[in-house]
Amino acid sequence: MKTASWILWIGILIAIFFLGRCSKRCEKVETVTVETVTETRVDTVTIVEPVETIRTEIRRETIAAPADTVYLPGDTVRIEIPIETKEYRDSLYALQMEGYRPRLNWIEVYPRTEYVYRTETRTVNAPSRRWSLGPAVAYGYDIKNNHWAPSVGVSLTYSLLSW
């Protein structure tokens, strides 16, 4: 009789073990935390003597200039001076100048550059199971024999706290 009860208990424990292995797993919950940081930087670009791309003569003006190194009233020469428009273009700047022999010595432009840093954190959390069924080994009071004794059995438990 004792052998049969031990075989029965071992069979129950094995059955509980395999039922626990075959039971449906808890679905995984995925928590995504996205942190975006935008940083704007101003870069200095110095361009020395840029190359002209378009030159257009828009009109001519006549001015009176002294004919000799010694200036005498009425001793003047009429000179035509071209008034020009020059355009300077690049991927970083665009400039237009107008006047007599216009020339650009240097130009500085300040393009704004935005850098976006994105940090993404993924955390996989499985919800904890509150109820569980499993084997139990305990030491308790045997009511039938009126003494303290170890016991082996099956326990159904509910977890109040989890960490």
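## A tour from strand S4 to the S8–S9 hairpin

Select Glu-84 to begin, and show the residues around it: beyond its neighbours within four places in sequence, Glu-84 is in contact with Arg-55, Thr-56, Glu-57, Met-97, Glu-98, Gly-99, Arg-101 and Pro-102. The model on screen is a predicted one. Glu-84 belongs to strand S4, and at 13% relative accessibility it counts as buried, because the cut-off for that class is under 20%.

Move next to Thr-85, which is also found in strand S4 (residues 76-89). Is Thr-85 buried or exposed? With a relative accessibility of 10%, Thr-85 counts as buried. Not counting residues up to four places away in sequence, Thr-85 touches Ile-54, Arg-55, Thr-56 and Ile-58, and also Gln-96, Met-97 and Glu-98.

Now widen the selection to the sheet. Strands S3, S4 and S5 make up an open sheet of 3 strands in the order S3-S4-S5, and their pairing is antiparallel. The edge strands are S3 and strand S5 (94-99), each of which pairs on one side only. On average, neighbouring strands of this sheet are turned by 15 degrees against each other, with direction ignored. To follow the pairing itself, display the backbones of S4 and S5, which pair in the antiparallel sense over 6 bridges; for Lys-86, the bridge partner in S5 is Met-97. As general background, strands of a sheet pair through backbone hydrogen bonds, either parallel or antiparallel.

Staying with this sheet, select Glu-80 and Arg-60 and show their side chains, which meet in a salt bridge at 3.9 Å, N to O. Glu-80 lies in strand S4 and Arg-60 in strand S3 (residues 54-66), so this pair ties together parts that are 20 residues apart in sequence. How many salt bridges does the structure hold? The structure holds 1 salt bridge. At 46% relative accessibility, Arg-60 counts as partly exposed.

For the next stop, select Ile-47, Tyr-88, Tyr-93, Leu-104, Ile-107 and Val-109 together, since these 6 residues are the largest nonpolar core. Then keep Val-109 alone and show what surrounds it: leaving aside neighbours within four places in sequence, Val-109 is in contact with Asp-43, Thr-44, Val-45, Leu-92 and Tyr-93. Among these contacts, Tyr-93 is itself a member of the core.

The last stop is a hairpin formed by S8 and S9, with 4 residues between the two strands. Strand S8 (residues 131-142) and strand S9 (residues 147-158) run antiparallel and are joined by 12 bridges. In the turn, select Asn-146, which has a positive phi of about 55 degrees.

On this hairpin, show the rings of Tyr-139, Tyr-141 and Trp-148, which form one aromatic cluster. The structure holds 2 aromatic pairs. One of them joins Tyr-139 and Trp-148, and is stacked, at 6.4 Å centre to centre with 10 degrees between the planes. How do the rings of Tyr-141 and Trp-148 lie, and what is the distance between their centres? Their centres are 5.5 Å apart and their planes are at 70 degrees, so this pair is edge-to-face. Trp-148 is also the bridge partner of Tyr-141 in S9.

Finally, colour the cluster by accessibility. Tyr-139 and Trp-148 are both exposed, with a relative accessible area of 54% for Trp-148, whereas Tyr-141, with 45%, is partly exposed.

Key:
Residues numbered from 1 in each chain as written. Predicted model: local features only at pLDDT ≥ 70, side-chain atom pairs only at ≥ 80, totals over all residues. Heavy atoms only, no water. Buried < 20%, exposed > 50% of the residue type's maximum accessible area, 1.4 Å probe, protein only. Contact = heavy atoms within 4.5 Å. Salt bridge = Lys/Arg side-chain N within 4 Å of Asp/Glu carboxyl O. Core = buried A, V, L, I, M, F, W, Y, C linked by side-chain atoms within 4.5 Å. Phe/Tyr/Trp six-rings, centres within 6.5 Å; stacked < 30°, edge-to-face > 60°. Pairing = 2+ DSSP bridges. Axes fitted to C-alpha atoms, helices over the stretch in contact; angles between N-to-C directions.
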